Amino acid sequence: LEAARTQHKPILIDFFATWCGPCRLLDEETWPQAEVVAAASNYVAVRLDVDANQQVAAQFGVTGIPTVVFLDASGKEKDRSVGFVDAAAMLELLSKHKS
């Protein structure tokens, strides 16, 4: 939150698990796309393993993974995506919440 306030950027939290197939697909097919990388640079991005951060996942009400949560710079949730999304869908989400 401090980095988001200082940089005046929204926050993106990617909740994942190492054993999660759709999470691996997101890591392999969506996040590496150049357009997604560029769009995600407008965010303070955080990746949280739900197994290592169970309390935080519960705090955000994460019930399925991958879950990508979009917060404004003050920490208020604006949107979320649950499950695998391709690069085009992620770009839509990223551009929708960049400010």
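## A guided tour from Arg-47

Begin by selecting Arg-47 and Asp-27, whose side chains form a salt bridge with the closest N and O atoms 2.9 Å apart. This contact links distant parts of the chain, since Arg-47 belongs to strand β2 and Asp-27 to helix α2, 20 residues apart. The model on display is predicted. Asp-27 has a relative accessible area of 29% and is partly exposed. Arg-47 is also partly exposed, with a relative accessible area of 44%.

**Around Arg-47**

Keep Arg-47 selected and add Asp-14. The side chains of Asp-14 and Arg-47 meet in a salt bridge, at 3.3 Å from N to O. Asp-14 lies in strand β1 and Arg-47 in strand β2, so this pair ties together parts that are 33 residues apart in sequence. Asp-14 is buried, with a relative accessible area of 3%.

Next, add Phe-16 to the selection. Arg-47 lies over the face of Phe-16, at 3.9 Å from the ring centre.

**Strand β1**

Now select residues 11-16, which make up strand β1. Is this strand enclosed by the rest of the structure or open to the outside? Six of its six residues are buried, so β1 is largely enclosed by the rest of the structure. In a regular strand, side chains alternate between the two faces of the sheet. In β1, Ile-11, Ile-13 and Phe-15 point one way, while Leu-12, Asp-14 and Phe-16 point the other way.

Display the neighbouring strands in turn. For β2, select residues 44-49: six bridges join this strand to β1, and the two run parallel. A useful marker for this pairing is Phe-16, which stands opposite Asp-49 in β2. For β3, select residues 67-71: five bridges join this strand to β1, and here the two run antiparallel. The marker in this case is Phe-15, which stands opposite Thr-67 in β3.

**Helix α2**

Move to residues 21-30, helix α2, and colour its buried residues: Cys-23, Leu-26 and Thr-30. Viewed down the axis of α2, these buried residues fall within an arc of 80°, so they line one face of the helix. What covers the buried residues of α2? The elements that do so include β1, α3 (34-40), β3 and α5 (87-96).

**Aromatic pairs**

A search of the whole structure finds two aromatic pairs. To see one of them, select Phe-15 and Phe-60: the pair is tilted, at 5.7 Å centre to centre and with 50° between the planes. This pair links distant parts of the chain, with Phe-15 in strand β1 and Phe-60 in the loop between α4 (54-59) and β3, 45 residues apart. Phe-15 has 0% relative accessibility and counts as buried.

Then select Tyr-43 and Phe-70. Their ring centres are 5.9 Å apart and their planes stand at 65°, so the pair is edge-to-face. Tyr-43 lies in the loop between α3 and β2, and Phe-70 in strand β3, so the pair ties together parts that are 27 residues apart in sequence. Tyr-43 is buried, with a relative accessible area of 5%. Phe-70 also counts as buried, at 0% relative accessibility.

**Salt bridges again**

How many salt bridges are counted in the structure? The count comes to four. Another stop is Asp-79, which forms a salt bridge with Lys-96, the closest N and O atoms being 3.3 Å apart. Asp-79 lies in strand β4 (residues 77-82) and Lys-96 in helix α5, so the pair ties together parts that are 17 residues apart in sequence. Are Asp-79 and Lys-96 buried or exposed? Asp-79 is buried, with a relative accessible area of 19%. The cut-off matters for this residue, because buried means under 20% relative accessible area. Lys-96 counts as exposed, at 57% relative accessibility.

To finish, select Asp-14, Asp-27 and Arg-47 together: salt bridges that share partners join these residues into one network.

Terms used
Residues are numbered from 1 along each chain as its sequence is written. This is a predicted model: local features need pLDDT of at least 70, side-chain atom pairs count only at pLDDT 80 or more; totals for chains, interfaces and linings use all residues. Side-chain values use heavy atoms; hydrogens and water are left out. Buried means under 20% relative accessible area, exposed over 50%, partly exposed in between (1.4 Å probe, protein chains only). Helices (H or I, at least four residues) and strands (E, at least two) are DSSP runs, numbered from the N terminus. Two strands pair if DSSP finds at least two bridges between them. The arc is that of the directions from the helix axis to the C-beta atoms. Contact means heavy atoms within 4.5 Å. Rings of Phe, Tyr and Trp (its six-membered ring) pair if their centres lie within 6.5 Å; planes under 30 degrees apart count as stacked, over 60 as edge-to-face and the rest as tilted. A charge sits over a ring if NZ of Lys or CZ of Arg is within 6 Å of the ring centre and within 35 degrees of the ring normal.
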